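Before reading on, take a moment to look through the sequence and the model shown below. The briefing that follows moves topic by topic through features that you can find for yourself.

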Amino acid sequence: MHPHHTFRPATRRTVCRRPGGRSPLQAVEESFLALATAAQPLALPAHLICEEPEQAVLPVDQVRSRLAHAATSAALREQTWREVVCRAQRLGDPWDIVAVGMTVPVLHRMLARLACPAHVERAEVEQEALAAVSTALSTVDVNIADVARELFAAADRAVHRLVYAARRRVERETGQEAVHLGRLARPMAQTGCQAASLSLGRGSGQAKDEYAVLVRAVSAHVVGIAEAQLIARTRLEGEPMQRLADERGVSVRQLYRHRAAAEQHLAAHLRHQMRDQ
């Protein structure tokens with residue numbers, strides 16, 4: 001295990017700041033780059049990733065770039081990943097951020113190839129992949145041949161479970177239920193309707209139908225007002241989940257789970273209504 005190294009470049013780079021609507025992968029990337037571009041960037045011994053290093057240490061973003069380079073041998077990649085994961089397990093913050101940040105480019109490519117149902121949000125898939133990587137990071141055996149493969153395999157399994165479960169839910173939805181939930185599942189442009197009150201006095205047509213479904217579900221005690229607001233603001237009005245998570249003081253992952261449970265209750269209620277008709 002190597003000691004903590006820092007590297008001071010000749011010119012300081014600027015961290016690129018994204019707007020508040022950034023995705024989970026973008027948020028991790030910002031945290032990772034902040035460590036790499038600080039006044040004293042977080043760094044690793046260069047010999048881990050370079051056959052003949054020209055300097056003693058490299059900032060973690062340069063290490064990540066070399067991991068992806070075709071000329072880098074598998075042996076160098078493996079020893080670098082092993083060191084990063086060892087530090088994450090032994091030292092925690094900020095090396096856990098570094099370890100997850102190292103996976104971002106591969107996760108981007110992995111998710112770009114994923115055949116994902118239209119009603120599953122990209123941010124939800126990204127959050128699931130990152131959560132799987134974080135969990136695997138704390139339990140993976142650093143003595144195995146390919147540590148990185150275990151992290152990516154965990155992410156792959158998690159996102160495919162998410163997509164499979166979403167497809168199964170859609171397959172179970174029939175008739176009017178599928179019409180209503182299909183609308184609820186698609187992010188829409190701003191309708192001007194205040195989700196806080198679930199007012200039906202503004203908006204028209206499809207938007208009114210969707211809000212009406214939620215209002216009736218609240219009246220029937222199928223979902224609570226907070227759950228209906230969560231569905232309305234994120235599904236119908238397209239608000240980022242991060243904003244609501246910040247408002248409610250919970251994690252984004254927890255809020256996704258909360259919304260999924262509310263939508264399952266709503267689906268069961270609509271199925272029951274269809275049977276009674």
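In this predicted model, Arg122 is partly exposed, with a relative accessible area of 39%, whereas its partner Glu126 is buried, with a relative accessible area of 3%. The side chains of Glu126 and Arg122 meet in a salt bridge, with a distance of 2.9 Å from N to O. The two residues are 4 residues apart in helix H5 (residues 122-139), and they are therefore separated by about one helical turn.

**Salt bridges**

- Side chains of opposite charge can pair when their charged atoms come close.
- The structure holds 6 salt bridges, and the pair of Glu126 and Arg122 described above is one of them.
- Another salt bridge joins the side chains of Arg87 and Glu83, at 2.7 Å from N to O, and here both Arg87 and Glu83 are buried.
- Arg87 and Glu83 both belong to helix H3 (residues 74-91), where they lie 4 residues apart, about one turn of the helix.
- Arg149 forms a salt bridge with Asp146, in which the closest N and O atoms are 3.6 Å apart.
- Arg149 counts as exposed because its relative accessibility, 58%, is over the 50% cut-off, while Asp146 is partly exposed, with a relative accessible area of 25%.
- Salt bridges also link Glu121, Glu124 and Arg259 in a network.

**Aromatic rings and a charge over a ring**

- How many aromatic pairs does the model contain? The count comes to 1 aromatic pair.
- The rings of Trp81 and Phe152 have their centres 6.0 Å apart and their planes at 85°, so the pair is edge-to-face.
- Trp81 lies in helix H3 and Phe152 in helix H6 (residues 147-172), so the pair ties together parts that are 71 residues apart in sequence.
- Are Trp81 and Phe152 buried or exposed? Trp81 is buried, and Phe152 is buried as well.
- Arg87, which has already appeared as the salt-bridge partner of Glu83, also lies over the face of Trp95, at 4.7 Å from the ring centre.

**A cavity inside the model**

- Rolling a probe the size of a water molecule over the atoms shows where empty space is left.
- The count comes to 1 cavity of 30 Å³ or more, and the largest cavity has a volume of about 70 Å³.
- Of the 11 residues that line the largest cavity, the closest to its centre are Val120, Glu124, Arg169, Arg235 and Glu263; Glu124 is also a member of the salt-bridge network with Glu121 and Arg259.
- Which helices each supply at least two residues of this lining? They are H6 and helix H11 (252-276), and the largest share of the lining, 4 residues, comes from H11.
- The residues of the lining divide into 5 nonpolar, 1 polar and 5 charged.

**Backbone features**

- Most residues other than glycine have a negative phi, and most peptide bonds are trans.
- The peptide bond from Asp93 to Pro94 is cis, with omega near 5°, and Pro94 is found in the loop between H3 and helix H4 (95-112).
- His221 has a phi near 60°, which is a positive value in a residue other than glycine.
- His221 lies in the loop between helix H8 (206-219) and helix H9 (225-236), and at 73% relative accessibility it counts as exposed.

**The chain as a whole**

- The secondary structure of the protein chain comes to 11 helices and 3 strands, and read along the sequence it follows the pattern β-α-β-β-α-α-α-α-α-α-α-α-α-α.
- Of the 277 residues of the protein chain, 45% count as buried.
- Thr37 lies in the loop between helix H1 (24-36) and strand S2 (42-45), and it is buried, with a relative accessible area of 8%.
- Although Thr37 and Pro59 are 22 residues apart in sequence, they are 8.0 Å apart in space, C-alpha to C-alpha.

Notes. Residues numbered from 1 in each chain as written. Predicted model: local features only at pLDDT ≥ 70, side-chain atom pairs only at ≥ 80, totals over all residues. Heavy atoms only, no water. Salt bridge = Lys/Arg side-chain N within 4 Å of Asp/Glu carboxyl O. Buried < 20%, exposed > 50% of the residue type's maximum accessible area, 1.4 Å probe, protein only. Phe/Tyr/Trp six-rings, centres within 6.5 Å; stacked < 30°, edge-to-face > 60°. Lys NZ or Arg CZ within 6 Å of the ring centre and 35° of its normal. 1 Å grid on protein atoms, 1.4 Å probe; cavity = no way out; pocket = protein on both sides within 12 Å on 5 of 7 lines; lining within 4 Å. Points joined across faces, edges and corners; volume = space filled by probe spheres on them. Nonpolar A, V, L, I, M, F, W, Y, C, P; charged D, E, K, R; others polar.
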